[in-house]
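Visitor: Hi, could you walk me through the ligand site and the empty spaces in this protein?
Guide: Happy to, let's have a look together.

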Amino acid sequence: MNTQVCIIGGGPSGLLLSQLLHLKGIETVVLERQSREYVLSRIRAGVLEHGFAKLMREAQCGDRMEREGEIHDGFFIAHEGKMDRVDLHKYSGGNSVMVYGQTELTRDLYEARDRMKGIVIHNAEDVAPHDLKSDKPFVTYRVGSESKRIDCDFIIGADGFHGVSRKSIPAHVLKEYEKVYPFGWLGVLSRTKPVSPELIYAKHERGFALCSLRSQILSRYYIQVPLSDKVEEWSDEQFWDELKRRLPAEVAATLITGPTIEKSIAPLRSFVAEPMRYGNLFLAGDAAHIVPPTGARGLNTAGSDIHYLYQAMLAHYKNGDSTGLEQYSEKALTRVWKAQRFAWWMTTMLHNFPDTSEYDQKLKEVDLTYLFSSEAGQSSLAENYVGLPY
Ligand code: APR
Ligand code: PHB
């Protein structure tokens, strides 16, 4: 098979790029290791920057997001028993975020690909990119016992953190930066009314907690747990009790609990691989970088990669201008590192770290006191949370 752009990975990054390019008449094939059902069973985050929401509309995938997503103009930070609100709208010059689950967004992208008869090959095994430095790269894979090959102009590595793409860049070219946090998030989904119409990030001496939502009847809650904890050891009742302890009393008193419909523990990690281009292979999204979820940057940073790649591919195919492709890695990484800084700052400020000195503890407290006493501080938080410009 021949195509112009072969995309490895059918997560949000790969699907969004495929959809955007297809709309401009650029051919793509998406190779996904898993079945569609599997991809759509993964529960992921749910806060979209306005820039990401705009990309979804541009990809003609924004209708359900507009109908079912919620625009949020602010969120709360609970600390020392009180709630302070970050007014995103006021402090970001009128911007906001869209609360819409990544799982639903991925479903919309798959439906759009079907509608336009886009080629998405599921259960593709042993996917391998080849001849990355040549102008005729190709990808091999297997479906059942049948071996296949796709010849293309470019390969996009949008295959997540555990994918094959990043690993095909020679070790002497790739520099990896990593920070592993000494805790995880235990997350639950429950068919209950959210405790607050806006998100609450809670800093507490027992550990961080987050009250989020997918809709007015579907809540998503998280608590910080040690890495040694096992999800099976947490009953629903224990989870709700611990969450309540970490919230201000008046919030805890109104928390509606119920059976959880999903429960999992995710470790927190920061990771960046540089460069994001090797020959005709371009990395995007989780394949190149991971952030801890505290600042809701993960999917959104994948979104800026896709924006830069999309613009670069358009300029290349429509105007014969390859400057965007040449500059992709540098441009994407500049924004990636800003998101890394923001996620690290939010994570550090709001979580309990084992063995924190009293001095460091004081600094975290003053970070929040400063934030809510300073318009400049809140503007900085707001502009990062709604998304820095592309
Ligand atoms: N061959 C083909 N597909 C693969 C391979 C492989 N060797 N390895 C992984 N994949 C697929 C995975 O099954 C997955 O569906 O690539 C996809 C990658 O999707 P994600 O991990 O969701 O990554 P991405 O599309 O970049 O999404 C951005 O931001 O922080 C996050 O949670 C957030 O998942 C979100 C991400
Ligand atoms: C979520 O709703 O899953 C969520 C929201 C905000 C975050 C992280 C996760 O910062």
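Visitor: Let's start with the backbone of T294. How far does a backbone N or O atom there lie from an oxygen atom of ligand 2?
Guide: That distance is 3.2 Å. Keep in mind that this is a predicted model.

Visitor: Noted! And A296, what distance do we get there to an oxygen atom of ligand 2?
Guide: A polar backbone atom of A296 is 3.4 Å from an oxygen atom of the ligand.

Visitor: What about the side chain of Y222, how far is its polar atom from a ligand 2 oxygen?
Guide: For Y222 the value is 2.5 Å, between a polar side-chain atom and an oxygen atom of ligand 2.

Visitor: How much of ligand 2 does the protein bury?
Guide: The protein buries 99% of the 280 Å² that ligand 2 exposes when taken alone.

Visitor: Nice. How many residues surround it, and which are the closest?
Guide: Ligand 2 is surrounded by 14 residues, and Y201, S212, R214, Y222 and P293 are the closest.

Visitor: What's the chemical mix of that shell?
Guide: The shell around ligand 2 has nine nonpolar residues, three polar ones and two charged ones.

Visitor: Which strands each supply at least two residues of the shell?
Guide: Those are strand 15 (209–215) and strand 16 (218–225). Strand 15 gives the most, with three residues.

Visitor: And where does ligand 2 sit relative to the domains?
Guide: Ligand 2 lies between domain 1 (5–72 + 97–178 + 269–350) and domain 2 (182–267 + 354–386), because both of them give residues to the shell around it.

Visitor: Changing topic to pockets. What volume does the second largest one have?
Guide: The second largest pocket has a volume of about 350 Å³. Its lining is made of 16 residues, with E104, L189, R214, S215 and L218 nearest the centre.

Visitor: R214 again! Which elements give two or more residues to that lining?
Guide: Helix 6 (102–115) and strand 15 do. Helix 6 has the largest share of the lining, four residues.

Visitor: How many charged residues are in there?
Guide: Six are charged, alongside six nonpolar and four polar. As for domains, domain 1 and domain 2 each contribute at least three residues to the lining of this pocket.

Visitor: Now the closed spaces. How many cavities of 30 Å³ or more are there?
Guide: The count is three. The largest cavity holds about 50 Å³ of space, and the second largest about 40 Å³.

Visitor: Which residues line the largest cavity?
Guide: Its lining consists of E49, R297, T301, R335, K338, A339, F342, N384, G387 and L388. By class, four of the lining residues are charged, three are polar and three are nonpolar.

Visitor: Which helix gives the most to that lining?
Guide: Helix 10 (residues 323–350) does, with four residues.

Visitor: And what lines the second largest cavity?
Guide: There you find D286, H289, I290, V291, R297, G298, T301 and Q340. R297 and T301 appear in the lining of both cavities.

Visitor: Which elements supply at least two residues each there?
Guide: Strand 20 (289–290) and helix 9 (298–319) each do that for the second largest cavity.

Visitor: Last one: how many polar residues does the lining of that second largest cavity have?
Guide: Four, together with two nonpolar and two charged residues.

Methods: Residues numbered from 1 in each chain as written. Chains lettered and ligands numbered in written order. Predicted model: local features only at pLDDT ≥ 70, side-chain atom pairs only at ≥ 80, totals over all residues. Heavy atoms only, no water. 1 Å grid on protein atoms, 1.4 Å probe; cavity = no way out; pocket = protein on both sides within 12 Å on 5 of 7 lines; lining within 4 Å. Points joined across faces, edges and corners; volume = space filled by probe spheres on them. Nonpolar A, V, L, I, M, F, W, Y, C, P; charged D, E, K, R; others polar. Near = heavy atom within 4 Å. Polar contact = N/O pair within 3.5 Å; in protein donor to acceptor, adjacent residues only side chain to side chain. Areas by Shrake-Rupley, 256 points an atom, 1.4 Å probe, with all protein chains shown as cover. Domains from an automatic or database assignment.
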